[in-house]
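User: I'm a first-year student and I'd like a close look at one helix in this model and what surrounds it. Could you start with the chain it belongs to and work inwards?

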Amino acid sequence: MFSETGTSSEILWQFRLPKAITCVLAGSALACGGLMMQTLFRNPMAGPDVLGLTSGSSLLVAILLLAGRYGSFITFVQSPWSVALAASLGGAMVFVIIISIAKYVRDNTALLIVGLMISAATSSVVSVLQFTSQADDLQTFMIWMLGSVGSTNWSELVVLTITISMGLGISMSMIKALNGMLLGDSYAQNLAINIKRARTWIVIATGMMVGVVTAFCGPIAFVGLAVPHLVRLIIPVSNHKILLPAVMLGGAILLLICDVIAQLPGSTQVLPLNAITSMIGAPVVIWMVIKAKRISV
Amino acid sequence: MSELDHIALQTLNLKIGYKKDDQVRVLFEPLSLTLTKGELVCFMGSNGIGKTTLIKTLAGIHPPISGSITRNFPAAIVLTDKVSGNLMTVRDLVTYGRYPYLNWWLTLTDQDHHLIETAIKKVHLESIANKHLSQLSDGQLQMAMIAKALAQDTNILLLDEPTAHLDLNNRVEIMNLLRSLARETGKTILVATHELDLALQTADKIWLATQHKKIVEGIPEDLVLDGTFDNEFQLKGFDLKTGKVKHTPYRKTLIQLEGSGPEFLWTKNALERNGYEVGPSKTQVTVTFKEGYPEYILSLSGAEVKFESLKDLLIRLKA
């Protein structure tokens, strides 16, 4: 149907397919990260964007993009691997901060407020960086901030695929520990589950996945928070052996749908993905809270 | 078999408590305690004295400050910790008991399935095994937690307040279950509890945490008769030796009571609760039966009046 040199083939290979693959990868990574955070904190409102992981990634990417110009490591900065690494570190760092604060703050709501504060703090640092940077850098950054799954090229896609596959792999190897976390530390310990080690791996996996997605697609809100709840509405289980793969699939589907909407069928205009996920995600979460009266992990 | 073969768990000069920075809070004097095979031990003491900490330390999930614990078998625990995961079913929860034996993919063998179903049957939750935990009553949830510990298939069970917040019926059911488990399966069971009356009637042995940071060990009857409980609980108006609440005979009327069986005991209870003293007197109440129903005959200065209920008898007496 498509000849090697045809425009359709060009569009398919250079634009549509990378975009679809990015949606699948990003959706499953964010949703998987969201589910693991909800289980780890035993908090239904936890998610990569809510607790500031996305902001942490943004901060390090911003530092890399905006400050890189003044350094002598331009080639390093342009490698997708370095952006991925920076973003992952940023996400994991915030995760570690939240975990250490969570030891003192038992209250679910208080933890969310801490997450919001961390988001606010990192955003303000990013604003300062923007203020002191030049116009063309600023535009690059602003476009990135709005989030898009359409700008990934094949070399970035390789990084995304490798990193997210690793992240999802680590997550799947954690099902026993994740189930154990639902019972709390004491019971888990009595069942010979090493919670401490699992926590480290979950931080690494989530940081990596949320980091690379944020690095190449910009901050995407609500997918991590909403998908686990939507999936639990359809499949009412708590066992991560079923829940994890289901949530990965659900995230991929949701992000593909969001992207179709962002495409504005019949128009050449493309809306920012972040706006769409929030537009769908926010009402969904509100509807869930009202319908279920209380949502839980 | 030597004495040693019977020991399930033993502590030697065990100090338990909390270390925070440089401060050490020790909860008890060094403890040297022994749990033997097949015995049900009730661990009693007031709130906040350190029952939970001892249970967790014995289970190996809280570090001791010093001293040693010898566990000859693995131990399963039932704690008061809240479990999240409202979508978890009873069977899911019981399956957790098999986790120490499962691989990372949680592959269940026939043996695992068998132990899970056996544990569910043991606590009579078969009919609601697929219900979500959020749909259970407190008593059913506690039973499910016990089933989880049973599925762990350990020789030692350590339970922290398994009967807290339950009604009398559920409390008795749980204590009876533990009693029969100890007898039939030879499990060693340690239960931290406030339920003095239930503990006295079911435990083989009592560990009583005292205000002087000691744990006194003994069989229930000895501790009742030698006054250890009285000293410790400072019982206000409850006579442990008779198992009754103390009544003041404020009416200063002696009533002689004749009869037998539960009807006699409850008539005595009714009289004492209403301020009468039971003893030799000219006023006499006789408990008899008429066509299978109790009848109360009041003999007062030669005259006899019959009553069908204690309520009517009391109205007449007070008149």
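**A close look at helix α11 of chain A**

Analyst: Let's begin with the chain. Read along its sequence, chain A follows the pattern α-α-α-α-α-α-α-α-α-α-α-α-α. In other words, chain A has 13 helices and zero strands. Please keep in mind that this is a predicted model. Of the 297 residues in chain A, 48% are buried. Contacts in this chain often link distant parts of the sequence: among those with a separation of 6 or more, 80% are between residues 24 or more positions apart.

Now to your helix. Helix α11 of chain A covers residues 223-234, which is 12 residues. From its first C-alpha to its last, α11(A) reaches 16 Å, close to the 16 Å expected at 1.5 Å a residue.

Is this helix mostly covered or mostly open? α11(A) is mostly covered, with nine of its 12 residues buried. At the start of the helix, the buried residues include Val223(A), Gly224(A), Leu225(A), Ala226(A) and Val227(A). Pro228(A), His229(A), Val231(A) and Arg232(A) are buried too.

Two of those residues lead us to a partner elsewhere in the chain. Val285(A) sits in helix α13 of chain A, which spans residues 273-292. Setting aside neighbours within four places in sequence, Val285(A) is in contact with Leu225(A) and Ala226(A). Val285(A) and Leu225(A) are 60 residues apart along the chain, and their C-alpha atoms are separated by 8.4 Å. Why is Val285(A) classed as partly exposed? Val285(A) has 18 other C-beta atoms within 10 Å, so it is partly exposed; a buried residue needs 20 or more, and an exposed one has 12 or fewer.

Stepping back, we can look at the nonpolar core. The largest core has 149 residues, and those with the most contacts inside it include Ala26(A), Cys32(A), Val212(A), Val213(A) and Val247(A) from chain A. Ala147(B) and Leu158(B), from chain B, are also on that list. Helix α1 of chain A, residues 7-41, gives the most to this core, with 13 residues. For a detailed example, take Cys32(A): beyond its neighbours within four places in sequence, its contacts include Leu168(A), Ser171(A), Met209(A) and Leu244(A). Val247(A), Met248(A) and Gly251(A) are in contact with Cys32(A) as well.

What about the place where the chains meet? The contact takes 23 residues from chain A and 20 residues from chain B. On the side of chain A that touches chain B, the elements giving two or more residues are α8 (175-183) and α9 (185-190) of chain A. The largest share of that side, five residues, comes from α8(A). By type, the residues on this side of chain A divide into 10 nonpolar, nine polar and four charged.

Finally, a glimpse of chain B. Here three strands form an open sheet in the order β4-β1-β6, with antiparallel pairing. In chain B, β4 (34-36) and β6 (66-71) stand at the edges with a single partner strand each, so one side of each is left without a neighbour in the sheet.

Note on methods
Residues are numbered from 1 along each chain as its sequence is written. Chains are lettered from A and ligands numbered from 1 in the order in which they are written. This is a predicted model: local features need pLDDT of at least 70, side-chain atom pairs count only at pLDDT 80 or more; totals for chains, interfaces and linings use all residues. Two residues are in contact if their C-beta atoms, placed from the backbone, lie within 7 Å. Helices (H or I, at least four residues) and strands (E, at least two) are DSSP runs, numbered from the N terminus. Ala, Val, Leu, Ile, Met, Phe, Trp, Tyr, Cys and Pro count as nonpolar, Asp, Glu, Lys and Arg as charged, and the others, Gly among them, as polar. Two strands pair if DSSP finds at least two bridges between them. A nonpolar core is a set of buried Ala, Val, Leu, Ile, Met, Phe, Trp, Tyr and Cys residues joined through C-beta atoms within 7 Å. The expected span of a helix is 1.5 Å times one less than its number of residues.
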